[in-house]
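Hi there,

Here is the structure I promised to pass on to you. Have a look at it first, and then read my notes underneath.

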Protein chains: 2
Amino acid sequence: MTATAQSIAYDDLQVGQTANQSHVVSEADIQMFAAVSGDNNPVHLDADFAAASRFKERIAHGMFTGALISAAIACKLPGPGSVYLGQQLNFTRPVKLGDTLDVQLEVLEKLPKNQVRIRTRVLNQHNKAVVDGEALVLAPDSSQTVQMPPLPRFTRQDS
Amino acid sequence: MTATAQSIAYDDLQVGQTANQSHVVSEADIQMFAAVSGDNNPVHLDADFAAASRFKERIAHGMFTGALISAAIACKLPGPGSVYLGQQLNFTRPVKLGDTLDVQLEVLEKLPKNQVRIRTRVLNQHNKAVVDGEALVLAPDSSQTVQMPPLPRFTRQDS
């Protein structure tokens, strides 16, 4: 699937402006995040181990939610052409397999030199925050419509 | 490959204690991080687009480096049984394909209730910081040796 994405120029960003992106956490997400990060802790990958842990069941890697936040910034608000300068993440609740996450972005402040502070909050299906924090982003000078390459597709080799 | 990892208990952590983890950024890393995050921006995936960008060539997703930091914390310092409470990331330089990243962790401060502040810095092969920041982690009560499941393996389906 090829599609376009449109960025929002710095001048067009408004304090209070929002965007969001929903995602259901799948088995493939957890497996692939383990592979790409190198974090193979059994609390993410081993159901028996996780059942005996403080979490009682397998949890997603905290930084997987960070990855979803970064994608929402890069694809939606401000979108393509943004430069990621910083991110604060507070991991407030565990994310479980099958959770529906809603990544919520809100422009908090426009700073000089095209910099923008964005609140980055992620709620689960119970409307509880799993991550709260904020991003610092360099917004593009002008709005651009960008052809987005198809998402690479991967399959498990060992399952 | 199955292996064990040993965690460091809160009481055994020392201010100034360090750990590090090296990683060479591969094509597969960038493709897989695009897939798992959903961020298919052409600056990461399209060489021609990236050549015309401010970066002149394709760059890794900033949060990929965040993923490497989270893995080093979860696997090495303090290791398995840690709970990730927070992470600040300042993205100071772009990461290019083929860069050798050195994730460097250093215990900054031991706080009450098993909490630990850890400096999280990532240098490239030119000894320049690409990310600086710090993590807040809940360290385990006691050291444990954990059987780490094999890392899941994936192959591109569409290449």
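Below is what I found, starting with a pair of helices and moving on to a single arginine. Please keep in mind that this is a predicted model.

**Where the two chains' helices meet**

Let's begin with helix α1 of chain A and helix α1 of chain B, each covering residues 27–37. Their axes lie 10 Å apart, and the helices pack at an angle of about 150°. Angles over 145 degrees count as roughly antiparallel, so α1(A) is roughly antiparallel to α1(B). The crossing of α1(A) with α1(B) is left-handed.

Which residues make the contact? From α1(A) they are D29(A), M32(A), F33(A), A35(A) and V36(A), and from α1(B) they are D29(B), M32(B), F33(B), A35(B) and V36(B). Sorted by character, eight of the residues in this contact are nonpolar, two are charged and none is polar.

**A look at R58(A)**

Next, find R58(A) in the loop that runs between α3 (47–51) and α4 (62–75) of chain A. Is R58(A) buried or exposed? Its relative accessibility is 14%, and buried means under 20%, so R58(A) counts as buried.

What does the side chain of R58(A) reach? One partner is the side chain of E27(A), in a polar contact at 3.0 Å. The R58(A) side chain also comes to 2.9 Å from the backbone oxygen of H44(A). Setting aside neighbours within four places in sequence, R58(A) is in contact with a number of other residues, including I30(A), Q31(A), L45(A), A50(A), V95(A) and L97(A).

Enjoy exploring!

Best wishes

Technical notes. Residues are numbered from 1 along each chain as its sequence is written. Chains are lettered from A and ligands numbered from 1 in the order in which they are written. This is a predicted model: local features need pLDDT of at least 70, side-chain atom pairs count only at pLDDT 80 or more; totals for chains, interfaces and linings use all residues. Side-chain values use heavy atoms; hydrogens and water are left out. Axes are lines fitted to C-alpha atoms, for helices over the stretch in contact, and angles run from 0 to 180 degrees between N-to-C directions. Helices (H or I, at least four residues) and strands (E, at least two) are DSSP runs, numbered from the N terminus. Angles under 35 degrees count as roughly parallel, over 145 as roughly antiparallel, 65 to 115 as roughly perpendicular and the rest as oblique. A crossing is left-handed if the near helix is turned anticlockwise from the far one by less than a right angle, and right-handed if clockwise. Contact means heavy atoms within 4.5 Å. Ala, Val, Leu, Ile, Met, Phe, Trp, Tyr, Cys and Pro count as nonpolar, Asp, Glu, Lys and Arg as charged, and the others, Gly among them, as polar. Buried means under 20% relative accessible area, exposed over 50%, partly exposed in between (1.4 Å probe, protein chains only). A polar contact is a pair of N or O atoms within 3.5 Å; within protein, one must be able to donate a hydrogen and the other to accept it, and residues adjacent in sequence count only if both atoms are side-chain atoms.
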